[in-house]
Amino acid sequence: MARENDEADPGPPAYRRADWEPLRRPAAVAEQLRCLAAEAGPGERLGTKDDLRALWGVSVGTFNEALRMAQSRGVVTVRRGPGGGLFAQTPSAVIRLGNAVLSLDQNAEAVAEAVRLRNVLDPLLVQDMLAYATDADVEALQEAADRMHDAADRADVDGFLRANWQLHARIAETNPGEILRSLYLGLLEIIETHTRAAVAAKGVAPREDLLARHQIHADLVSAIAARDPRALELIDEHNTGDPVVEPNELA
């Protein structure tokens, strides 16, 4: 009898076996998660990771990558503990930062303001870095720049930005001024804490763009190491204008 009922009522599209078969790529699973979240409505529980992975018959790796994509698009969130699992989420706004789009967990305006203030403070920090940087500081900057290059070579926009933030955090940590240092690190924390993920803007070739951005930072590190005032020109080139808050089109 149950079998006859199943045949008579195939259920919502997201749960039909015929729709599960093509789900072999993370992008397809991420799209299925998006559809399921849209049908459920904001805040509704979709199930556990194991439930959904088993439902769609995909591997752990495929599902985890799909979940990362869905989270970066702001359509699902994960809660741990009793009653936890995947929940539908209303996409937040995003900010466009140069050729990257940052998907945020909340308050895009505050993050955009933090980015603007950080851009204003960058030249002050670089000017002081020229005066106070030690060999150990330059070595740490070079390591961060190398991580940026590795991420750029993989076209990993999110990894590139996080390595970039590490480089700028090190520049701030070197500054002898407690107020300037604390203010800058606080701004970085706001930006990094509320950024879920970053992707290349539409029409941008991520690897080529990131490699070009890396070169600016590599030149900046070299100029700091040589105590070359050109570092101030490079930091101006690094800051590509004020961030722009946009509707979330990643969902």
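**Notebook: helix H8, the sheet and the cores**

I began with helix H8, which lies across E5 and E6 and runs at about 115 degrees to E6. I note at the outset that the model is predicted.

Next I looked up the sheet itself. I found an open sheet of four strands in the order E6-E5-E4-E7, with antiparallel pairing. At the edges I have strand E6 (195-200) and strand E7 (244-246), and since each of these has a single partner strand, one side of each is left without a neighbour in the sheet. On average, and with direction ignored, neighbouring strands of this sheet are turned by 30 degrees against each other. I then followed the pairing of E4 with E7, which run antiparallel and are joined by three bridges; Val94 stands opposite Glu246 in E7.

From there I turned to the nonpolar packing. The largest nonpolar core has 46 residues, and I list Ile95, Leu102, Leu167 and Ile224 as those with the most contacts inside it. The elements giving two or more residues to this core include strand E4 (94-97), strand E5 (100-104), helix H8 (157-174) and helix H10 (206-225). Which helix gives the largest share of this core? I found that H6 does, with ten residues.

I checked two residues in more detail. For Leu167, leaving out residues up to four places away in sequence, I recorded that it touches Leu141, Ala144, Ala145, Met148, His217 and Val221. Apart from the largest core lies another core, of 19 residues, and I noted Val29, Leu36, Leu52 and Val58 among them.

My second residue was Ile171, whose place is in helix H8. Is Ile171 buried or exposed? I entered Ile171 as buried, because its relative accessibility is 3%, where the cut-off for buried is under 20%. With its neighbours within four places in sequence left aside, Ile171 is in contact with Leu125, Met129, Leu141 and Ile224. Leu141 thus appears in my entries for both Leu167 and Ile171. I also took the separation of the C-alpha atoms of Ile171 and Tyr184, which is 9.8 Å for residues 13 apart along the chain.

Last, I went through the rings. How many aromatic pairs are there, if ring centres must lie within 6.5 Å? The count comes to zero by this rule. I did find a charge over a ring, however: the charged end of Arg79 sits over the ring of Phe87, 3.9 Å from its centre.

Key. Residues are numbered from 1 along each chain as its sequence is written. This is a predicted model: local features need pLDDT of at least 70, side-chain atom pairs count only at pLDDT 80 or more; totals for chains, interfaces and linings use all residues. Side-chain values use heavy atoms; hydrogens and water are left out. A nonpolar core is a set of buried Ala, Val, Leu, Ile, Met, Phe, Trp, Tyr and Cys residues joined through side-chain atoms within 4.5 Å. Buried means under 20% relative accessible area, exposed over 50%, partly exposed in between (1.4 Å probe, protein chains only). Contact means heavy atoms within 4.5 Å. Rings of Phe, Tyr and Trp (its six-membered ring) pair if their centres lie within 6.5 Å; planes under 30 degrees apart count as stacked, over 60 as edge-to-face and the rest as tilted. A charge sits over a ring if NZ of Lys or CZ of Arg is within 6 Å of the ring centre and within 35 degrees of the ring normal. Two strands pair if DSSP finds at least two bridges between them. Axes are lines fitted to C-alpha atoms, for helices over the stretch in contact, and angles run from 0 to 180 degrees between N-to-C directions.
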